Amino acid sequence: MKKPKSKELYGRSGVMPYMKSINQAHVAQPGLAVVEVAAADDQTAFAVQEALAGRWATALADGTTRVPGEPGVRLRCYLDVRQEPGALT
């Protein structure tokens, strides 16, 4: 399979070949967001996720993904910036 250039890759609705598409429900209302983190390692990716979770209600990711032949890891989490952390508990 030919690897697309980054311009081609990002030009298609931001869908990355190794990440699932963003579901309409994830961004159906103002204040909902999907954040994709690219980091050198798991520890860094989870530190970014924890920083986001400290500010907003966040659906935390359990793990990262790795793309063979690509550096680093990826992590996706979902934010609701309308609610403070712990508001859903």
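Which residues make up the largest nonpolar core of the protein? In this predicted model, that core consists of nine residues: Val37, Ala39, Ala45, Leu52, Ala61, Val73, Leu75, Cys77 and Leu79. Three elements, β1, α2 and β3 (73–80), each put two or more residues into this core. The largest share comes from β3, with four residues.

Now for the overall layout. The protein has two helices and three strands, and reading from the N terminus the elements run α-β-α-β-β. Of the 89 residues in the protein, 24% are buried. About 6400 Å² of the protein is exposed, and carbon and sulfur atoms supply 55% of that area. As for how the chain meets itself, take the contacts between residues at least 6 apart in sequence: 57% of these join residues at least 24 apart.

The three strands line up as an open sheet in the order β1-β3-β2, with antiparallel pairing. That leaves β1 and β2 (57–59) at the edges; each has a single partner strand, so one side of each goes without a neighbour in the sheet. On average, neighbouring strands of the sheet are turned by 30° against each other, direction ignored. The pairing of β2 with β3 is antiparallel and runs over three bridges. Threonine 58 has leucine 79, in β3, as its bridge partner, and Leu79 is also one of the nine core residues. The helix α2 packs on this sheet and touches β1, β2 and β3, its direction making about 10° with that of β3.

A look at valine 37 shows some of these pieces coming together. Setting aside residues up to four places away in sequence, valine 37 touches Ala45, Val48, Val73, Arg74 and Leu75. Among these partners, Ala45, Val73 and Leu75 belong to the largest nonpolar core, as does Val37 itself.

Then there is alanine 40, which sits in the loop between β1 (32–39) and α2 (42–53). Is alanine 40 buried or exposed? Its relative accessibility is 66%, so alanine 40 counts as exposed. Even so, alanine 40 has contacts elsewhere in the chain: leaving out neighbours within four places in sequence, its partners are Gly72 and Val73. The C-alpha atoms of alanine 40 and valine 73 are separated by 6.1 Å, although the two residues lie 33 residues apart along the chain. Val73 thus turns up again, as a contact of alanine 40, as a contact of valine 37 and as a member of the nonpolar core.

Definitions and conventions: Residues numbered from 1 in each chain as written. Predicted model: local features only at pLDDT ≥ 70, side-chain atom pairs only at ≥ 80, totals over all residues. Heavy atoms only, no water. Buried < 20%, exposed > 50% of the residue type's maximum accessible area, 1.4 Å probe, protein only. Contact = heavy atoms within 4.5 Å. Areas by Shrake-Rupley, 256 points an atom, 1.4 Å probe, with all protein chains shown as cover. Core = buried A, V, L, I, M, F, W, Y, C linked by side-chain atoms within 4.5 Å. Pairing = 2+ DSSP bridges. Axes fitted to C-alpha atoms, helices over the stretch in contact; angles between N-to-C directions.
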